[in-house]
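Visitor: I'd like a close look at a single part of this structure, please. Could you pick one strand and walk me through what surrounds it?

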Amino acid sequence: MDVRLGVLASGRGSNFVSLVEACRSGQVDAEPVILISDNADAQALRKAEQRGVPSHFVPYDEFDRSHFEDHAASLLKEYGCDLVALAGFMRVLTADFLEDFPERVLNIHPSLLPAFRGLNAQAQALEYGVKVTGCTVHVVTEEVDAGPIVDQIAVRVHEDDTEKTLSKRILEQEHRLYPRALQHYIETRLPDLTSVQAP
Ligand code: GRF
């Protein structure tokens, strides 16, 4: 039976779309069952609607993170999610949320971790002057951009790259990497994990 996939996204949603397409083409043995966004204006919400994936806006309160996390966790459980993919989700998830989905939350980051964690990873890479950067899919832990690495793709930095041109080339590779890493994780790690507790 296909894995039930929940996706959290805050913005454009291009990685969400690449995951939906990969699941629907059979590249990934998963079914995207819900998209949750903390941003009411996120393009990801519209892209989910257009593709027939149930979508929910859940407001995020900086001063009460548990409000978003409890609501999102309830929805993910209600939809029977086995795995959660963060796809441009711009919030940090706390241990309370992660405990509900142990080793079941993945993230994609636009650098070769552990280099250039946090925001604006592509600009950080240019600023440092590296000649190779890329993208990483990793398991989400409490520490930001630091969990076990599932897979990576390297991208060469060109002499004339700007943040925009480099980000574009990395994003193209993100769209290849996330489906591939997800399928690998489903085949190799998911069978050994304890099940998600019922709502
Ligand atoms: C991607 O670069 C991803 O690596 C980062 O945020 C961006 C999201 O892009 N975490 P999109 O919303 O998937 O188009």
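Guide: Here is a walk around strand β5 and the parts that follow from it.

Before we start, this is a predicted model, so to speak of local features we need pLDDT of at least 70, and side-chain atom pairs count only at pLDDT 80 or more, while totals for chains, interfaces and linings use all residues. Residues are numbered from 1 along each chain as its sequence is written, and side-chain values use heavy atoms, with hydrogens and water left out.

Let's begin with the strand itself. β5 covers residues 105-109; helices (H or I, at least four residues) and strands (E, at least two) are DSSP runs, numbered from the N terminus. Five of the five residues of β5 are buried, so the strand is largely enclosed by the rest of the structure. Buried here means under 20% relative accessible area, exposed means over 50%, and partly exposed is in between, using a 1.4 Å probe and protein chains only. V105, N107 and H109 point one way from β5, while L106 and I108 point the other way.

Now for the strands beside it. Two strands pair if DSSP finds at least two bridges between them. With β4 (residues 83-86), β5 runs parallel, and three bridges join the two. With β6, β5 runs antiparallel, and here there are four bridges. L106 is a handy residue to click on: its bridge partner in β4 is A85, and in β6 it stands opposite V139. There is also a helix in this story, since β4, α4 and β5 make a right-handed β-α-β unit. Right-handed means that, with the strands pointing away from you as the viewer, the path from the first strand over the helix to the second runs clockwise.

Next, look at the loops on either side of β5. Before the strand, E103 sits in the loop between α4 (95-100) and β5. E103 has a positive phi of about 55° although it is not a glycine, and it is partly exposed, with a relative accessible area of 38%. After the strand comes the loop between β5 and α5 (121-128), where you'll find P114. The peptide bond joining L113 and P114 is cis, with omega about 15°. F116 is in that loop between β5 and α5 too. Its phi is also positive, near 55°, in a residue other than glycine, but F116 counts as buried at 14% relative accessibility.

Let's step across to β6, which spans residues 132-139 and holds C135. C135 is buried, with a relative accessible area of 0%. Contact means heavy atoms within 4.5 Å, and leaving aside neighbours within four places in sequence, C135 is in contact with residues including H109, P110, D151, I170 and L177. Measuring tape aside, C135 and L106 are 29 residues apart in sequence and 13 Å apart in space, C-alpha to C-alpha.

You may wonder about cysteines and disulfides. A disulfide is a covalent bond between the sulfur atoms of two cysteines. Here a disulfide is counted as a pair of cysteine sulfur atoms within 2.5 Å, and the structure holds zero disulfides. For C135, the nearest cysteine sulfur is that of C23, 18 Å away.

That brings us to the ligand, which has the end of β5 among its surroundings. The residues around it include R12, G88, I108, H109, P110 and E174, where a residue is near a molecule or strand if one of its heavy atoms lies within 4 Å of it. Some of these make polar contacts: pairs of N or O atoms within 3.5 Å; within protein, one must be able to donate a hydrogen and the other to accept it, and residues adjacent in sequence count only if both atoms are side-chain atoms. From β5, a backbone N or O atom of I108 lies 3.2 Å from a nitrogen atom of the ligand. An N or O atom in the side chain of R12 is 2.6 Å from a ligand oxygen, and a polar side-chain atom of E174 lies 2.7 Å from an oxygen atom of the ligand.

Last stop: helix α1 (residues 14-24), which is mostly covered, with nine of its eleven residues buried. Among the buried ones are S14, F16, L19 and C23, and what covers them includes β4, β5 and α6 (163-188). G26 follows α1, and its phi is positive, near 90°.
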